[in-house]
Each structure stands twice: as C-alpha cells, then as structure tokens.
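Trainee: Could you take me through one part of this model closely, and then show me how the rest is arranged around it? I'd like to start with a single residue and what it touches.

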Amino acid sequence: MSDSDALKPATRAIHSQYHQDAYGSPYTPVYNTTTFRFDATADLLDVVEGRVRGNLYTRWGTNPTITELEHALAGMEGAESALAFGSGMAAISATLLAHGRKGIVCVGDLYGGTQEFLVRQCQPLGIPVRFLLQAELEQLESCLPEPGCLVYCETPANPTLSILDLRDLAARAHRMGALLAVDNTFASPVNQRPLSLGADLVVHSATKYLGGHSDLTAGALMASQQAVNAVAEWRKNLGQIIAPETAALLSRSLRTLPLRIRQHNSNALAVARAMAQNPHVRQVHYPGLESFPGHSLASRQMDGFGGMVSIEVNGDGPTAAAVADNLQLFLLATSLGGLESLVTQPCTTSHHGLSAEERQRRGISDSMLRLSVGLEDPQDLIADLEQALAKACG
Ligand SMILES: *Cc1c(COP(=O)(O)O)cnc(C)c1O
C-alpha cells in the first residue's frame, strides 16, 4: 500500500501502516513476545551488527507491532523516523537527556511533569536549564552560550492556549547552533506539524489525542533518523519501550485521528463561541476565536485550532470549582484528548504546584476552568455548561 506524501492525511492514516501478517490480516497483529528466534548464530549476528534489519528483543524496539506503529507516527508528523515510548514523560525525558545535556532553554508554559523533571532531575544532574516566559523571548539568544543546546516549547500552551511562533523560534535556535524541540500534544499532527515549520524534534503524550480513547498511556518522538538514533540509546537503556499490546491499540487509534480531530476542532469552536456569549463567563481562551491574541498566528501555523478551551468565570476560585462540580457531561478529571469531555480547574490540578504569584505571572487565574472538549453533540455540551454556570454564578 502506498504511503506517498501525495495522499491526504485521512487516507494516509489508514493506509500507511505495514502489513506483515502472513495470514492476510490487513494490520500487523500484536506480537506479544519479548524475543525472536533465529535459525543460525550467523543470522542473529547479522541483526545484532546491523547488516540486516530484523526483530531481536522487544525492549530494544525491534518488534513488528512497535515498528509498524513508529512508521505510522513518523508519517503523521512528516518525519524521517519515530520512536514509541511507554508514556509521554518517557519520550520527553529521553529526548531531553539525549539532546539537552549542554543546556535547555524552555520558552512559555510547560506541562507540569516536564517542568518537574527539568527542576528535580535535570538541574541536580548539572544540566543548565532556563525558563523564559513568552514575553521574555528576546532573552533567548543570550541564554544559548554555546552550540548544541536545546530550545524546548509547547504551543498551544497549557492552560492559556497561548501560541508561539514556531518558524521564528526555529530560526532563533538555529542561528545559535541549537535544536528546537516541540511538545505537539495539544495540537496533534493533524492540526500542526512543527517539523514543517523548522523544528528539529517533536514529542507527544500519545496518552492524549493520538490514543484518543482515555484507555492507554504512551509517548512518541518524531525527528530525523540521526536525532532519533541518539534518543533510541537512552530509551533502550532506561527501559522506556511501549508494550506491544499498547502499541497495537495506539496503531488502531491513529487510523481515526484525522476524523476525531476534525470533530474535536468543530465541537471546541462551537463551545468557545457559546461561552464568549455567556454572561457568566469573563474570558474565553481559544485560538479559533478572532478575539484571541494568538488567533492570526495560529491561523498561519495551524490547520485547525484543537479541542482545548479555557474559560474564566465571573467569580472567584470556589465559584469556578462550583461550576465544575455542577457539570454533568464534562467529567471532573485530569488528562485530555479523549472522546469524553473533561473539565479541570488548573489552580487545583495541573498548576497546583505553582505559587499563587507564579500562576498570576503566567495568566492562570483561580477562576479559570480548562475544558477538553470531546466528541459528544456540541449542543449537549453547551447546554451542560450553561446550566452549570447559571447554578454556580447566577
Ligand atoms: C499529558 C502530557 C504530557 C505527559 O504525558 P504522559 O503520557 O502522561 O506521560 C506531556 N505533555 C503534555 C502537553 C501533556 O498534556
């Protein structure tokens, strides 16, 4: 089956996976095995020494179920190569350790786990780490003293959905001999392909949109073969491989990714527009709204605006919590990107670890609620939000 670039994303999502089953299954089945047998030592040595590509040992990633998944993951981001991991944090930590040891400069808001890894593990290991707010971007060049550093960012960012200019960031990083790594979890490769905008490495929590059903934990890295090879050594020895069962489940999910993301995009836009009209809502953060500060940039670098919407209710933190508690369809739960809509209050969940002062500096108010808009009928979701807002704020 062709996986040429000429095919549109929805077609490629279905037809780009290898077909290795001797019995005619259209998709590679789960190779639930840790090892692979050889007929002769010479054959085994050919694989060990890299003369022949072959399956050897699952922790190394040489397992057909995992290889098929990685082929599909690379295709989605337009990358030469990809690695699958047991979680998003596994992909992120291995990438930072392989490419960030000379220094890491983070721009804008970061996922809490990434921030914690940088502060609690990377800095004590002696890796220089700097954090810049989006407004401090002009300081980037002076934070990159020598070539070989890594610039790291997320866009849209959690939970403000603020947008960074990836072309500009890539150009700045490359001028200083640094690589740019982007966590593309919020956008998904359907809405944004950072490599095509100049980034060097893309990481994902596949637990979110790529998996899409809130039933698996996984991660991914997409990059050039050379950049991927450097990370593969860390994955192998840190033992961060994805399980074959999970790899098969994730491959299944990728086939419907374009379809799901299209609906997430349109449901979130409908919810954002309704919330912008609601008298109990002070502000709506959604890149698809014309009034959003990053809207024109997002329109240029994204093909869709995603399924995440943040709202600030009229009232204080307890009022926002009461809105969340009164929602019936939106489940009060962390995570995002699944079929079902979720709600969290960032100051009590993802950003609970930050001081109130730091949250304010980052524009995260106590009255903010983060919505992961799922695939239910958007009118039902809007009605649910309206009744909860009326009860808590009315
Ligand atoms: C959830 C998430 C992660 C971490 O992924 P896990 O699969 O939970 O390890 C990293 N980055 C972003 C943006 C996330 O939302």
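Mentor: Happy to! Let's first agree on a word: contact means heavy atoms within 4.5 Å. Please also keep in mind that this is a predicted model.

With that cut-off in hand, let's look at histidine 280. This residue sits in the loop between helix 10 and strand 8, the strand that covers 281-285. Leaving aside residues up to four places away in sequence, histidine 280 touches Val313, Asn314, Leu389, Ala390, Cys393 and Gly394. Cys393 deserves a second look: histidine 280 and cysteine 393 are 113 residues apart in sequence, yet their C-alpha atoms are 6.3 Å apart in space.

One of those partners, Leu389, takes us to a pair of helices. Helix 10 (residues 257-277) and helix 14 (residues 378-393) have axes that come within 9 Å and cross at roughly 30°. The crossing of helix 10 past helix 14 is right-handed. On the helix 10 side, the residues are Asn267, Ala270, Val271, Ala274 and Met275, and they meet Pro378, Leu381, Ile382, Leu385 and Leu389 of helix 14. Sorted by class, this contact holds nine nonpolar residues, one polar residue and no charged ones. So Leu389 of helix 14 belongs to the helix contact and is also touched by histidine 280, if we go by heavy atoms within 4.5 Å.

Now for another pair of helices. Helix 4 (residues 88-99) packs with helix 5 (residues 112-122) at an angle of about 35°, and the axes are 10 Å apart. Helix 4 also makes a right-handed crossing as it passes helix 5. Here Met89, Ile92, Ser93, Leu96 and Leu97 from helix 4 meet Gly113, Thr114, Phe117 and Leu118 from helix 5. The classes in this contact come to six nonpolar, three polar and no charged residues.

Met89 leads us on to the ligand. Of the 14 residues around the ligand, those that come nearest are Met89, Asp183, Ser205, Thr207 and Lys208. A polar backbone atom of methionine 89 is 2.8 Å from an oxygen atom of the ligand, and a backbone N or O atom of glycine 88 lies 2.9 Å from a ligand oxygen. From aspartate 183 comes a polar side-chain atom, 2.7 Å from a nitrogen atom of the ligand. Taken alone, the ligand exposes 380 Å², and the protein buries 91% of that.

One more stop, for the backbone: the loop between strand 4 (150-154) and helix 6 (166-175), where proline 156 is found. Threonine 155 and proline 156 are joined by a cis peptide bond, with omega about -5°. Proline 159 is in that loop between strand 4 and helix 6 too, and the peptide bond leading to it from asparagine 158 is cis, with omega near -5°. Leucine 161, which also has its place in the loop between strand 4 and helix 6, has a positive phi of about 65° although it is not a glycine.

Key:
Residues are numbered from 1 along each chain as its sequence is written. This is a predicted model: local features need pLDDT of at least 70, side-chain atom pairs count only at pLDDT 80 or more; totals for chains, interfaces and linings use all residues. Side-chain values use heavy atoms; hydrogens and water are left out. Axes are lines fitted to C-alpha atoms, for helices over the stretch in contact, and angles run from 0 to 180 degrees between N-to-C directions. Helices (H or I, at least four residues) and strands (E, at least two) are DSSP runs, numbered from the N terminus. A crossing is left-handed if the near helix is turned anticlockwise from the far one by less than a right angle, and right-handed if clockwise. Ala, Val, Leu, Ile, Met, Phe, Trp, Tyr, Cys and Pro count as nonpolar, Asp, Glu, Lys and Arg as charged, and the others, Gly among them, as polar. A residue is near a molecule or strand if one of its heavy atoms lies within 4 Å of it. A polar contact is a pair of N or O atoms within 3.5 Å; within protein, one must be able to donate a hydrogen and the other to accept it, and residues adjacent in sequence count only if both atoms are side-chain atoms. Accessible areas come from the Shrake-Rupley method with a 1.4 Å probe; for residues, only the protein chains shown count as cover.
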